[in-house]
Amino acid sequence: MNQQGRPSRARFVTQQTPQTFTSNRALEISEALIFETGREDFTGVDLDAPEAFTPRLGGLERQSALGLPGLSEPEAMRHYVRLSQKNYSIDAGPYPLGSCTMKHNPRLNEKMARLPGFSDIHPLQPISTVQGALELMQELADWLLALTNMQAVALSPKAGAHGEMCGMMTIKAAIAAKGEAATRKVVLAPESAHGTNPATAAALGFSVRAVPAGPDGLVHPEAVAAALGPDVAAIMLTNPNTCGLFERDIVEIARLVHEAGAYFYCDGANFNAIVGKVRPGDLGVDAMHINLHKTFSTPHGGGGPGAGPVVLSQRLAAFAPVPFLKRDGEALGLVEHTKGTRSFGRMTAFHGQMGMFVRSLAYILSHGADGLAKASEDAVLAANYLRVGLSDLMSSPFGDKLCMHEALFDDTWLKDTGLTTLDFAKAMIDEGYHPMTIYFPLVVHGAMLIEPTESESRVSLELFLATMRDLAMRALRGDKERFLGAPYFAPRKRLDETGAARKPVLRWRPPAPVEE
């Protein structure tokens, strides 16, 4: 009993938990693999034998059975519903993944995206029949340009990495137009950059030159100046960076990059921290992708197709990909071909993800300019609230300084406990929380990166903070059993992650018969 005479929450089962015949535990259903539930010699659908026909596969017909299990409709439905109940989601609780901004997706957005005229249009419809959709795209583009102070926007990229590719292809086209394609073959990337940054540069034929971060977690102008030269095409910098810090010298870095004849690509993954407060165009940015699924609340991860529009400065606007919007009198149209333009070409078949455009514009209009700025303020406030609340127990790699939208800790405080960052993260699962981002950014040993976002109430933050403090104190007290076996209460226990990565089993096979 607690001091108020109420039963305390039981954190662990103190008596032997009885085993059930089914392996189910009340509403926690032990779900088998679909191959174990169904049979290969059974189908849940009755099909008549086909009439005689001439095969059209040119000798490529399947010669063996599919090897897939057959289930009835109720069995199939139950299987996937039960699996869905084992998923953590933003609708189940806080999702504190650093550098991912897993914020609430307002249901108003979903309602708007399902309106006729948005949900049922087709990309090959006549332009005259989709003027409302094009007007919505134009209004979204206007907002993105106003919030970034940029000249043009490409709406077609389907995700952040796709947007990165778009921005860097635009830069590559601009370099080629200046006759410098043969000489400018290097892209600068800070050591703390998102992994997609160097990958994107390499995919486009650039070589990558790393720029070290200073002891304060920031990129310093001197380091950039030392890496610049006539062979440099661009720098790819994230701001706020992946350590959760605003790059203090970004204006000076942009000046140095431009003086060297290169371009400034800004990774916009963390735009959620500065919307309505800072316009990247004012900082000297030439291209930046915007993750609508992070900053503007459209579904993230398994929620459906993403969107990563790219905003471009005056230096790059002419090289934007097709299709792009163009007004002809009162009507809007799409420029689909590069003839008569300096566009680098087409990245994708159509115009982007209409459902994501509707959702993000609904979010923007719901907040207005002042509301968007307030959301950024609240995101930063929430992150610093957690940072300060944990600072006496957990160590920060760059000292006691204000962070932006996410708070970064390292594993120094675990040094004498015999525990690791992974052990701590697994214990969070037992408390009902998705772990924070761990071991990233790579420049911080044993990193723990927490982003609460502006979606969480103070009550939600207080409970999360109290839980984290309880776990931290248990670790410091030497309660290793609490961590080394975690998660205890998850449907599946801790995996041998190294073995799973090096020796993955990608095909189910029936287990060998058990000998009596």
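**Reading a predicted chain: hairpin, sheet, buried histidine, overall form**

Modeller: Strands E8 and E9 make a hairpin with two residues between them, and Gly329 in that turn has a positive phi of about 70 degrees. Keep in mind that this is a predicted model.

Biologist: In what sense do strand E8 and strand E9 pair, and over how many bridges?

Modeller: The sense is antiparallel, and five bridges link E8 (residues 324-328) with E9 (residues 331-335). To follow the register, begin at Leu325, which faces Leu334 in E9.

Biologist: Next, the open sheet. What is the order of its three strands?

Modeller: Reading across the sheet gives E10-E12-E11, and the pairing is antiparallel. Strands E10 (407-409) and E11 (437-438) are at the edges; each has a single partner strand, so one side of each lacks a neighbour in the sheet.

Biologist: How many bridges join E11 to strand E12?

Modeller: Two bridges connect E11 with E12 (residues 448-450), and these strands run antiparallel. For one residue pair, look at Thr437, whose bridge partner in E12 is Leu449.

Biologist: Now a single residue. Is His293 buried or exposed?

Modeller: A residue is called buried when its relative accessible area is under 20%. His293 has 12% relative accessibility and therefore counts as buried. As for its place in the fold, His293 belongs to helix H9, which covers residues 292-295.

Biologist: Which residues is His293 in contact with, leaving aside its neighbours within four places in sequence?

Modeller: Thr101 and Gly160 are among them, together with Thr298, Pro299, His300 and Ala307.

Biologist: Moving to the whole chain, how many helices and strands are there?

Modeller: The chain has 14 helices and twelve strands. Of its 516 residues, 47% count as buried. Sequence separation is another thing to read: take contacts between residues at least 6 apart in sequence, and 71% of these join residues at least 24 apart.

Biologist: Why does the radius of gyration agree with a compact globule?

Modeller: The comparison depends on chain length: for 516 residues, a compact globule would have a radius of gyration near 24 Å, and the chain has 26 Å, which agrees. Along the principal axes, the C-alpha atoms fill a box of roughly 75 × 75 × 45 Å.

Biologist: What does the chain expose, and how far apart are the mean positions of its charges?

Modeller: The exposed area is about 27000 Å², with carbon and sulfur atoms supplying 56% of it. For the charges, compare the mean position of the 50 positive ones with that of the 56 negative ones: the two lie 1 Å apart.

Terms used: Residues are numbered from 1 along each chain as its sequence is written. This is a predicted model: local features need pLDDT of at least 70, side-chain atom pairs count only at pLDDT 80 or more; totals for chains, interfaces and linings use all residues. Side-chain values use heavy atoms; hydrogens and water are left out. Helices (H or I, at least four residues) and strands (E, at least two) are DSSP runs, numbered from the N terminus. Buried means under 20% relative accessible area, exposed over 50%, partly exposed in between (1.4 Å probe, protein chains only). Contact means heavy atoms within 4.5 Å. The radius of gyration is taken over C-alpha atoms; the globule rule is 2.2 Å times the number of residues to the power 0.38. Accessible areas come from the Shrake-Rupley method with a 1.4 Å probe; for residues, only the protein chains shown count as cover. Lys and Arg count as positive and Asp and Glu as negative; His and the chain ends are not counted. The place of a charge is taken as NZ of Lys, CZ of Arg, CG of Asp or CD of Glu. Two strands pair if DSSP finds at least two bridges between them.
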